[in-house]
Amino acid sequence: MKTTDKKRGFARAHTNIALIKYWGKVDSELIIPANDSVSLTLDEFYTDTVVNFSEDYKVNEFWLNGNLMPYKHMARINRVIDAVKEEYGYPGFAKIRSFNHVPTSAGLASSASGMAALAGAAADALGDEHDLTNISRIARLGSGSASRSVFGGIVHWHRGSDHESSFVEQVVNEKDIDLNMVTVVVNSHQKSIKSTNGMQRTVETSPFYPTWVSESNRMVPEMLAAVKKNDFTKIGELAEHSAMMMHATTLAAIPAFTYFQPDTLKVIRLVTRLRKEHGIECYYTIDAGPNVKVLCQNKDVLAIRNFLKDYFEERQLVIARPGSGIKFSKN
């Protein structure tokens, strides 16, 4: 039996936090969102992925943190791998080893960094050049928010209407924005309602959902203008509003649900106190999970962390700064 040469690729991708949230799809197969979104890529949380292709392999294998994923759970992985194989005309299969430096399924965007790293590593294995815009399209097929983790700094996901027109571009480089984040890890366990299921229920049943879509798309140009000016106050106000609008849609779904936990509300109150009573400008944002991200400027990071240490354990407080886009290496 002839053994073919293996094709190996590596990519590291970081998580991102949406400033204008993505919540709901108009096309579940291509993962085309109902609204544009704007996000900040983070330096602290990331995924490393190695992809080996060979024509000798009979199926795709995916190992996450040393554990083999059951094949029945491989649908999104296979979708990304198939898209890369089609792009480069490759007939073989892949063995994938991925290491998450993010709590999985806890609202800290582990799927974003994971699928972005997968798309990047697969493209790195089969191609000599890295078309980041196209990689963002492919990453989207695994997880919508993964498309935003391909680029660093502040990025804009154009919702588009088909595969080609739904892509991400960088708006501001990570070195050119004074925007930091203190994450309060309220709960690092897997959430009870996955984002995909929560989105679908909200789209189908929440009477607030159409307003969410129109208001989010209206806010995107405002946010883009604010980040280009490094207008922290406007960025923070818009981010808070977007987060609370998103979570309001879940409360109006049938049946109603929420990702908030008691400590989520506690952090919201503490952030409000920091602004009103301590004169420290900071804002909260919350994705589909209980954990709260506190947006702040570099000069206030340590003061905010020290304030929150009176209420939470130090291990629950993680400082993140603007992160870079995908990194590749074949070493």
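Okay, Arg8. You'll find Arg8 in strand S1, and remember as we go that this is a predicted model. With a relative accessibility of 33%, Arg8 counts as partly exposed. Its C-alpha sits 9.0 Å from the C-alpha of Ser54, and those two residues are 46 apart along the chain.

Staying around S1, let's go to the aromatics. How many aromatic pairs does a search of the whole structure find? Six. One pair I'd like you to look at is Tyr22 with Trp157: edge-to-face, 4.9 Å centre to centre, with 70° between the planes. Tyr22 is in the loop between strand S1 (7-20) and strand S2 (25-27), while Trp157 is in strand S8 (residues 154-158), so this pair ties together parts that are 135 residues apart in sequence. Both Tyr22 and Trp157 are buried.

Now take Phe257 and Tyr259. Their ring centres are 5.7 Å apart and the planes stand at 90°; with anything over 60 counting as edge-to-face, that's why this pair is edge-to-face. Phe257 is buried, and Tyr259 is buried as well. Add Trp23 to Phe257 and Tyr259 and you've got one aromatic cluster.

Rings come up again with the lysines. Lys85 has its charged end over the ring of Phe93, 4.2 Å from the ring centre. Lys266 does this over the ring of Phe312, where the distance to the centre is 5.0 Å.

On to backbone oddities. As a reminder, most residues other than glycine have a negative phi, and most peptide bonds are trans. So which residues are joined by a cis peptide bond? Ile254 and Pro255, with omega at about -5°. Pro255 is in the loop between helix H6 (232-251) and helix H7 (262-276).

For positive phi, have a look at Ile31, where phi is near 50°. Ile31 belongs to the loop between S2 and strand S3 (32-33), and it's buried, at 6% relative accessible area. Asn230 also has a positive phi, near 55°. That one is in the loop between helix H5 (209-229) and H6. Is Asn230 buried or partly exposed? Partly exposed, because its relative accessibility is 31%.

Next, cysteines. The disulfide count is zero. Why do Cys282 and Cys296 make no bond? The closest cysteine sulfur to that of Cys282 is the one in Cys296, and at 7.0 Å it's too far for a bond. A disulfide would need the two sulfurs within 2.5 Å. Going the other way, the closest cysteine sulfur to Cys296 is in Cys282, at 7.0 Å. Cys282 is buried, with a relative accessible area of 0%, and Cys296 is buried at 0% too.

Last stop, the second largest pocket, which holds about 150 Å³ of space. Its lining is Gly24, Lys25, Ser28, Thr196, Met199, Gln200, Val203 and Glu204. Which element gives the largest share of that lining? Helix H4 (residues 195-205), with five residues. If you're thinking about the chemistry of the lining, the split by class is two nonpolar, four polar and two charged residues.

That's my tour, so let's open up the structure and talk.

Note on methods: Residues are numbered from 1 along each chain as its sequence is written. This is a predicted model: local features need pLDDT of at least 70, side-chain atom pairs count only at pLDDT 80 or more; totals for chains, interfaces and linings use all residues. Side-chain values use heavy atoms; hydrogens and water are left out. Rings of Phe, Tyr and Trp (its six-membered ring) pair if their centres lie within 6.5 Å; planes under 30 degrees apart count as stacked, over 60 as edge-to-face and the rest as tilted. Helices (H or I, at least four residues) and strands (E, at least two) are DSSP runs, numbered from the N terminus. Buried means under 20% relative accessible area, exposed over 50%, partly exposed in between (1.4 Å probe, protein chains only). A charge sits over a ring if NZ of Lys or CZ of Arg is within 6 Å of the ring centre and within 35 degrees of the ring normal. On a 1 Å grid over the protein atoms alone, a cavity is a set of points where a 1.4 Å probe fits but cannot get out, and a pocket is an open set with protein on both sides within 12 Å along at least five of seven lines; lining residues have an atom within 4 Å of a point. Grid points are joined across faces, edges and corners, and a volume is the space filled by probe spheres set on the points. Ala, Val, Leu, Ile, Met, Phe, Trp, Tyr, Cys and Pro count as nonpolar, Asp, Glu, Lys and Arg as charged, and the others, Gly among them, as polar.
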